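Work through these exercises with the model open beside you. Try each task before you read its solution.

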Amino acid sequence: MAQWENLTMAGIEALRQQTQTVILPLGSLEEHGPHLPLGTDTFHAMEVARRVGLLRPVVVAPPLFYGICRSTREHPGTVSLEGDALRTMLLAVGREFCRQGMRNLVFISGHAGGTHISAILETGEQLLAELPEVRVAVVNLLDMLREVLAEQPDLVQTKGDSHAGEVETAIMMAAYPDLVRGSAPEEWPSFPKYILVRDKRRYWPGGVWGNPAPATAAQGEAILAAEADRLALVISMLEESGGS
C-alpha cells in the first residue's frame, strides 16, 4: 500500500505513472461511548482506505481526524470544526492533490453527521467547478454499509444501530482490538424533534446509539472487507468516467 507520507520524491514521481487516484480518509475526534476511542470514525475510514490500497494502485493520504460534530459536541473529548473551516481545509488539500498530479480525488468519511457530509459534498462540487481535469467521489461509509446490509441483512443484528454500537464496535474489534475497552450498555438518544437543545448530554448521556453487545471481530472483518470491495468498485468507475 502506498501511503503519501511514507513516500519519497522519487517514490511519488514513480507512483504517478501508475495512478492518479488519492484517497483521503476523513472522520472526527468524537466521543464513542465509554468503550471506543475518540478517533473511531477516522480509524474506520483509514482501515477501509488501507484495504483498498492492497486491492488496486492508489495513494492513501494522511487522514483528517477533525470533522463537524453537532449532537456530541458537549461530550468529553469531542472536538468539532465549524463548517467553513472544514470546507476551507478540504478545498486547499484538494487543490494541492491536483497540483501534484492526482486527478481522481476520493473523500471517504467514517463520520456520517449530516452537516459534516454536506460540507464535504459542497467542497467536492466546488473542486469540480474550479478544476476541469479533476474527478471527485464522496463516500459516506454509513451509506456504503447500508448497501452492504441490503445484500447481507443478517450481518448486523441491531436495527437502527448508528454510533458506538454493534457496527462500530465490531469494526474496531477487527481492526484495532487494542483500543477497544470492553463493551457498553445499549442506548437510544431521546432528542426532541425539531427543537435544538444546548444540553445535549441530557438527551444522550452515554454516547452510544445502538447496542454494542452483539459485536464480534469476525463481524467487523466481514463489514470492512465488503466496504473495501465496494469502494474499489467506486474508484474503478471514477477512473473510467472521463471527468464527465
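The exercises below go from the overall fold of this predicted model to its sheet and then to its helix contacts.

**Exercise 1. Overall fold**

Task: State how many helices and strands the protein has, give their order, and judge its compactness.

Solution:
- Step 1. Count the elements. There are 8 helices and 5 strands.
- Step 2. Read the order from the N terminus. It is β-α-β-α-β-α-β-α-β-α-α-α-α.
- Step 3. Test compactness. The radius of gyration is 18 Å, close to the 18 Å from the globule rule for 244 residues, so the protein is as compact as a globular protein of that length.
- Step 4. Add the extents. The C-alpha trace spans about 50 × 35 × 30 Å along the principal axes.

**Exercise 2. The sheet**

Task: Find the strand order and name the edge strands.

Solution:
- Step 1. Trace the pairing. The 5 strands form an open sheet, ordered 1-3-2-4-5, with parallel pairing.
- Step 2. Look for strands that pair on one side only. These edge strands are strand 1 (2-3) and strand 5 (135-140).
- Step 3. Zoom in on one pair. Strand 2 (residues 21-26) and strand 4 (residues 104-109) pair in the parallel sense over 6 bridges. Here Val22 stands opposite Leu105 of strand 4.
- Step 4. Add the covering helix. Helix 3 (residues 83-99) lies across strand 2 and strand 4, at about 160° to strand 2.

**Exercise 3. Helix 3 against helix 4**

Task: Classify the packing of helix 3 and helix 4 and describe their contact.

Solution:
- Step 1. Get the geometry. The axes of helix 3 and helix 4 (residues 114-130) come within 9 Å and cross at roughly 40°.
- Step 2. Classify. The two helices are therefore oblique to each other.
- Step 3. Assign the hand. Helix 3 passes helix 4 in a right-handed crossing.
- Step 4. List contacts. Helix 3 contributes residues including Leu86, Leu90 and Leu91. Helix 4 contributes, among them, Ala119, Ile120 and Leu127.
- Step 5. Sort by class. The contact has 6 nonpolar, 4 polar and 4 charged residues.

**Exercise 4. Two partners of helix 8**

Task: Determine how helix 2 and helix 6 each pack on helix 8.

Solution:
- Step 1. Take helix 2 (residues 40-55). Its axis comes within 9 Å of that of helix 8 (residues 217-239), and the two cross at roughly 60°. That makes helix 2 oblique to helix 8.
- Step 2. Assign the hand. The crossing of helix 2 with helix 8 is right-handed.
- Step 3. Inspect the contact. Helix 2 supplies residues including Val48, Arg51 and Leu55. Helix 8 supplies, among them, Leu224, Ala228 and Ile235. The classes are 9 nonpolar, 1 polar and 5 charged.
- Step 4. Turn to helix 6 (residues 166-175). Helix 6 packs on helix 8 at about 95°, with the axes 7 Å apart. That makes helix 6 roughly perpendicular to helix 8.
- Step 5. Inspect this contact too. Val167, Ile171 and Met173 are among the helix 6 residues. On helix 8, the partners include Gln219, Ile223 and Leu224. The classes are 9 nonpolar, 2 polar and 2 charged.
- Step 6. Find a shared residue. Leu224 of helix 8 appears in the contact with helix 2 and in the contact with helix 6.

Key. Residues numbered from 1 in each chain as written. Predicted model: local features only at pLDDT ≥ 70, side-chain atom pairs only at ≥ 80, totals over all residues. Heavy atoms only, no water. Pairing = 2+ DSSP bridges. Helix = DSSP H or I, 4+ residues; strand = E, 2+ residues; numbered from the N terminus. Contact = heavy atoms within 4.5 Å. Axes fitted to C-alpha atoms, helices over the stretch in contact; angles between N-to-C directions. Parallel < 35°, antiparallel > 145°, perpendicular 65-115°, else oblique. Left-handed = near helix turned anticlockwise from the far one by under 90°. Nonpolar A, V, L, I, M, F, W, Y, C, P; charged D, E, K, R; others polar. Rg over C-alpha atoms; globule rule 2.2 N^0.38 Å.
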